[in-house]
Amino acid sequence: MATSAGSAGQPNQDFVGAVPGAVVLLDGAGIPGTESICSHGVAWYTHRLGGALLGRLSREDGRDLAGILATAIDEIADDHRGTCDITHPSSPQATVLIVRTHQGRLDHLLLADSFLVLADVGGDPEVITDEREVTARRLCTAPLSGVPMGTPEYDRVRDSCIEAIWARRNQPGGYWIAKDDPHAAAEAVTGSRSLQDLASATLLSNGAGRIVSPYGLTDWPGVLQLLGSGGPADVIRRVRRAETGRSADPDAPVPDDATVAHCFWGPERTAQTVRPAKAAIRA
């Protein structure tokens, strides 16, 4: 596992942790300067929720992952319901990605836009993500296209876009994220597959997934090659290098927290056993 804060001096709002048989990765979200809404902050939320999930997963009882997540969301909501406005759209929230081995199978759960890469022995990787948040943001921000930045019109349209995104959060037809409503867990992307031919499972926050898009430094098979040779820290290092190289570009994405957890089974079942990357890996 490896994780890195997007900005020096700022708390890392990602969380990653493991217990025997399970890994949890969370990517926190919230708007800076909203301490009057929640005094605890996003990093507090991700670490509390992540810890609650790991505690339940450590029981190794095979309980439904969505049920585990719902209980944990409700527990953390109760922890600050009396002091914070947890129903406010800007209160702390997080994407959730869980993998768990149980009775010869790998179970997974995704809520919002992290990435799970499953690699078969000798096969191409399968990339699983929850695209509903990305789709909602793309639709809601479309009116900003062509509006000059720094103008009153841009600010007006941007505020309208933000409100449109908020209106779709944890709503049918919108997208789902861990926040204050445990019912969001029932909307997660879930699945299960046999461990028999599985070489590895890799969890990435969207900040780490930038190595594929938008930076295009490699493709997903190439990511697995990097993990086999340099480990999770090498993936993040290359993302940071790309961000540094684009720092002068006003349209470049703001550096984001980046986290990777790489799980593999047996000494011969490393990420290097997958097919060679179709695209070259750029340093």
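These are my notebook entries on what I looked up in a predicted model of one protein chain.

**Entry 1: confidence**

I began with the pLDDT values, and the protein chain averages 90, with 91% of the residues scoring at least 70. Going through the elements, I found the highest mean in β2, at 98, and the lowest in helix α3 (residues 132-141), at 91. I then marked residues 268-283, where pLDDT stays under 50, although the model has 50 contacts beyond four places in sequence for this stretch. Where pLDDT is low, the predicted coordinates should not be read in detail. I have therefore set the contacts of residues 268-283 aside, since pLDDT stays under 50 there.

**Entry 2: the open sheet and the helices across it**

I traced an open sheet of 5 strands and wrote down its order as β2-β3-β4-β5-β8, with antiparallel pairing. Which strands stand at the edges? They are β2 (14-19) and β8 (189-194), and because each has a single partner strand, one side of each is left without a neighbour in the sheet. From one strand to the next, I noted a twist that averages 10°.

I looked more carefully at the end of the sheet where strand β5 (residues 105-111) pairs with β8, and counted 6 bridges in the antiparallel sense. To fix the register for myself, I noted that Arg 105 has Ser 194 in β8 as its bridge partner.

Two helices were then placed against these strands. Helix α1 lies across β2, β3 (22-29) and β4 (93-102), and its direction is at about 160° to β3. Helix α2 lies across β4 and β5, and here I recorded an angle of about 45° to β5.

**Entry 3: strands around β9**

I turned next to β9, and asked how many of its residues are buried. The count is 7 of the 7, so β9 is largely enclosed by the rest of the structure. I followed its pairing to strand β6 (residues 115-120), which runs antiparallel to β9 and is joined to it by 6 bridges, with Asp 120 opposite Leu 198 in β9.

β9 also pairs with strand β10 (residues 258-264), again antiparallel, through 5 bridges. For the register I have two positions, Leu 203 opposite Ala 261 in β10 and Ser 200 opposite Phe 264 in β10. β10 is itself mostly covered, as 6 of its 7 residues are buried. Strand β1 (residues 2-4) is joined to β10 by 3 bridges and runs antiparallel to it, and there Ser 4 stands opposite Ala 258.

**Entry 4: Ser 205**

Following β9 to its end, I came to Ser 205, which is found in the loop between β9 (198-204) and α5 (206-209). Is this residue buried or exposed? Ser 205 counts as buried because its relative accessibility is 0%, against a cut-off of under 20% for the term.

I then looked up what surrounds this side chain, and found a polar contact of 3.2 Å between the side chains of Ser 205 and Asp 14. Beyond its neighbours within four places in sequence, Ser 205 is in contact with several residues, among them Leu 25, Asp 27, Ser 114, Phe 115, Asp 257, Ala 258 and Thr 259.

**Entry 5: salt bridges**

I listed the salt bridges last, and the structure holds 17 of them. Side chains of opposite charge can pair when their charged atoms come close.

The pair I opened to begin with was Glu 75 and Arg 56, whose side chains meet at 2.6 Å, N to O. This pair links distant parts of the chain, with Glu 75 in helix α2 (residues 65-80) and Arg 56 in helix α1 (residues 42-57), 19 residues apart. Arg 56 is buried because its relative accessible area is 14%, whereas Glu 75, at 30% relative accessibility, counts as partly exposed.

In helix α7 (residues 232-245), Arg 240 and Glu 243 lie 3 residues apart, about one turn of the helix. Their side chains meet in a salt bridge of 2.8 Å, N to O, and I noted that both are buried.

For Asp 159 and Arg 158, I recorded 3.7 Å between the closest N and O atoms of the salt bridge. Both counted as partly exposed when I checked, Asp 159 at 39% relative accessibility and Arg 158 with a relative accessible area of 35%.

I closed the entry with Asp 74, Asp 78 and Arg 81, which are linked in a network of salt bridges.

Definitions and conventions: Residues are numbered from 1 along each chain as its sequence is written. This is a predicted model: local features need pLDDT of at least 70, side-chain atom pairs count only at pLDDT 80 or more; totals for chains, interfaces and linings use all residues. Side-chain values use heavy atoms; hydrogens and water are left out. Helices (H or I, at least four residues) and strands (E, at least two) are DSSP runs, numbered from the N terminus. Buried means under 20% relative accessible area, exposed over 50%, partly exposed in between (1.4 Å probe, protein chains only). A polar contact is a pair of N or O atoms within 3.5 Å; within protein, one must be able to donate a hydrogen and the other to accept it, and residues adjacent in sequence count only if both atoms are side-chain atoms. Contact means heavy atoms within 4.5 Å. A salt bridge is a side-chain nitrogen of Lys or Arg within 4 Å of a carboxyl oxygen of Asp or Glu. Two strands pair if DSSP finds at least two bridges between them. Axes are lines fitted to C-alpha atoms, for helices over the stretch in contact, and angles run from 0 to 180 degrees between N-to-C directions. pLDDT is the predictor's confidence in each residue, from 0 to 100.
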